[in-house]
Amino acid sequence: MKGYIYITGTGADPAGLDNISDPMFGDVPSLGACMSNLREFVDIGDYLFVVSGKAPDLAQYVFGGMKVAEKIDHLAAYGRFPQNRLRRREDGSVVGNIIIDKDGKKHPLDHHSDKGFERRIKNFIVGADPLAIESPREVELARQQTLNKLSDIVGKKGNRPIDILGRQRKLSEDQVHHMIQWLRGIKQDAAK
């Protein structure tokens, strides 16, 4: 078992800006549109963790993790997870992480280049055991602790998550266990 941790795009922050649609956390977490390289490399039983992107006046934080339960293609995901299909919210923002239409073609709301589309629709991650940092108190604690905790787990100092992790980083089994323990601890502390 191994893990990966990655930083989402600049300006992406689920708590502060409500603008993350991949990964999606919930009863069945998933990663389907972003990080095709990681989706290809992970194996069943591995873990994925994600850090919010750099955004003005918001400290970056680890906002969730999941265990990889399955890897399927987007057509299978389209059938199994209709709630994850790309769609436009009332505020105009696009949400969802299934980037195809019912015919398996690129969805018109997918803003990425056509180049690499075939690679992007492989290895849709169906997760298990989600560890989503969601409540205001959980987010507050995660924002306060992320830099120090990432530094401790990875063994590298930095002023920003990217200084510690780069854009993405592979984690050993021991590091994965530390991440899980830390995120569970945040959830427990926030519930007190």
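Helices (H or I, at least four residues) and strands (E, at least two) are DSSP runs, numbered from the N terminus. This is a predicted model, where local features need pLDDT of at least 70, side-chain atom pairs count only at pLDDT 80 or more, and totals for chains, interfaces and linings use all residues. Residues are numbered from 1 along each chain as its sequence is written, and side-chain values use heavy atoms, without hydrogens and water.

**Exercise 1.** Place Met35 and decide: is Met35 buried or exposed?

Solution. Start with the location: Met35 sits in the loop between strand 2 and helix 1 (36–41). Next, the backbone: phi is positive, about 55°, although Met35 is not a glycine. Buried means under 20% relative accessible area, exposed over 50%, partly exposed in between (1.4 Å probe, protein chains only). Met35 has 10%, so Met35 is buried.

**Exercise 2.** Classify Asp18 in the same way.

Solution. Asp18 lies in the loop between strand 1 and strand 2. Its phi is positive too, about 50°, and Asp18 is not a glycine. The relative accessibility is 45%, so Asp18 counts as partly exposed.

**Exercise 3.** Which residue does a cis peptide bond join to Asp22?

Solution. The partner is Pro23, with omega about 5°. Pro23 belongs to the loop between strand 1 (3–7) and strand 2 (30–31).

**Exercise 4.** Which residues line the largest cavity?

Solution. A cavity is a set of points, on a 1 Å grid over the protein atoms alone, where a 1.4 Å probe fits but cannot get out; lining residues have an atom within 4 Å of a point. The lining residues are Tyr6, Pro23, Phe25, Leu31, Leu48, Phe49, Val50, Gly64, Gly65 and Met66. Strand 3 (47–51) and strand 4 (62–72) each supply at least two of them.

Note on methods. 1 Å grid on protein atoms, 1.4 Å probe; cavity = no way out; pocket = protein on both sides within 12 Å on 5 of 7 lines; lining within 4 Å.
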